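Student: I should like a close look at a single part of this structure, set in its wider surroundings. Please give one connected account.

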Amino acid sequence: MKVTVAKSAGFCFGVKRALKIALHTASCEKNVYMLGDIVHNEDVVKTISEAGIKKIAKLSAGKEKTLLIRAHGTSKETFKKAKKLGYKIVDATCLMVKEIHKIAIKKQKQNYKIIVIGDKKHDEVRGITGQLKKKALVVDSLKSLPSKATLKKYKKAAVVVQSTQNIEEVKKIIEKLKIHIQRLEFYNTICQPTSSKQQEAKTLSLNNDIMLIIGSRTSANTKRLYEISKSLNEKSYWIQSQKDIKKNWFSGIKSVGITAGASTPNTTTKEVVKKIKELAG
Ligand code: SF4
């Protein structure tokens, strides 16, 4: 059985950087806290917890404590509040996410209505809208677009995109927005690792008998890879680790394509490959 692993599978540079910063911070500071999980992957979360970094749901007194800002970034309000409470802040926000913040802030200052295409509840999207003085419009699908009349009110608008969105879906939304908004500026802020992963997922799913997409059920970018793959290859399976692999998937199969989300460790992918080779054995 031929097994092909996507070159882009696994950690992106933003996740690698955030992990490096987190582990370094944990090695030199005593009380390190994080609002939520570092990334959406249970194994990585375990590594971080073993390094001594504690997850908290909300900020409390911050004296002699360090707050680590995750790769997704956070709102200005959270920064302000943490500083006021006395936390030392270590910012591991991905530089690609910071770029989205900069664009949104700049265009709002120029009186553009800011539109964010992304998952309404995702921390990255909350972090983007949380940079702005005026409320942004968040659109997560064609269905969630406001009425024609509301859109027409925006004389000029700037669109930024959550870094892990699917460009094909984004394009559909942009086409609709263009119909109603006179002056629309589109900033494709989907990051390069996401684009490469999605592109490779397309190619692999078309060129292999089955596709395995590895990543946590909580990982939005893994979900996107699965959706892309499933739309092109019916035999696409979303697994979290080698434990989820079913032997009957491989009967009569000659080739397997594999990709993994941005927060999936390489060790997990290697274990999947090993298990497939054993099954093919
Ligand atoms: S997916 Fe993209 S934006 Fe998100 S952390 Fe990775 S490189 Fe940064």
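Student: Which residues does V32 touch, not counting residues up to four places away in sequence?

Tutor: The model is a predicted one. Leaving out residues up to four places away in sequence, V32 touches T25, A26, G52, I53, T66 and L68. V32 itself is placed in strand β2, which comprises residues 32-35. It is a buried residue, because 21 other C-beta atoms lie within 10 Å and 20 or more are required for that class. Between the C-alpha atoms of V32 and T129, which are 97 residues apart along the chain, the separation is 26 Å.

The wider setting is given by the domain assignment of the protein chain, which lists domain 1 (2-10 + 192-280), domain 2 (13-94) and domain 3 (96-186). The C-alpha centres of domain 1 and domain 2 are 30 Å apart. Contact between these two domains involves nine residues of domain 1 and eight residues of domain 2. On the side of domain 1 that touches domain 2, three residues are nonpolar, six are polar and none is charged.

The nonpolar interior may be considered next. The largest nonpolar core has 48 residues, and I38, I115 and V116 are those with the most contacts inside it. Strand β8 (residues 156-161) supplies the largest share of this core, namely five residues. The core lies between domain 2 (13-94) and domain 3 (96-186), because both give residues to it. I115, one of the residues with the most contacts inside the core, touches A136, L137, V139, A157, V159 and L177, not counting residues up to four places away in sequence. Apart from this core lies another, of 20 residues, with L204, W238, I239 and V256 among them.

L204 leads to helix α8, where it is buried together with P193, T194, K197, Q198, E200, A201 and S205. The cover over the buried residues of α8 includes β1 (2-5), α1, β10 (210-214), α9 (220-232), β11 (236-239) and β12 (255-260). The length of α8 can also be checked: at 1.5 Å a residue its 16 residues should span 22 Å, and the end C-alpha atoms are 23 Å apart, which agrees.

Strand β11, part of that cover, contains S236. This serine counts as buried because it has 22 C-beta neighbours inside 10 Å. Leaving aside neighbours within four places in sequence, S236 is in contact with S205, M211, I213, Y226, S229 and K230. S205 is also one of the buried residues of α8. The C-alpha atoms of S236 and D209 are separated by 9.0 Å, although the two residues are 27 apart along the chain.

Finally, there is the ligand. It is surrounded by 15 residues, of which C12, G14, C94, S163 and C191 are the closest. Helices α1 (13-28), α4 (95-109) and α8 (192-207) each supply at least two residues of this shell, and α1 gives the largest share, three residues. By class, the shell has 10 nonpolar residues, five polar residues and no charged residues. Helix α8 therefore has two roles in this account, since it supplies residues to the shell around the ligand and has buried residues covered by elements that include α1 and β11.

Note on methods:
Residues numbered from 1 in each chain as written. Predicted model: local features only at pLDDT ≥ 70, side-chain atom pairs only at ≥ 80, totals over all residues. Near = placed C-beta within 6 Å. Helix = DSSP H or I, 4+ residues; strand = E, 2+ residues; numbered from the N terminus. Nonpolar A, V, L, I, M, F, W, Y, C, P; charged D, E, K, R; others polar. Expected span 1.5 Å × (residues − 1). Buried ≥ 20, exposed ≤ 12 C-beta atoms within 10 Å, placed from the backbone. Contact = placed C-beta atoms within 7 Å. Domains from an automatic or database assignment. Core = buried A, V, L, I, M, F, W, Y, C linked by C-beta atoms within 7 Å.
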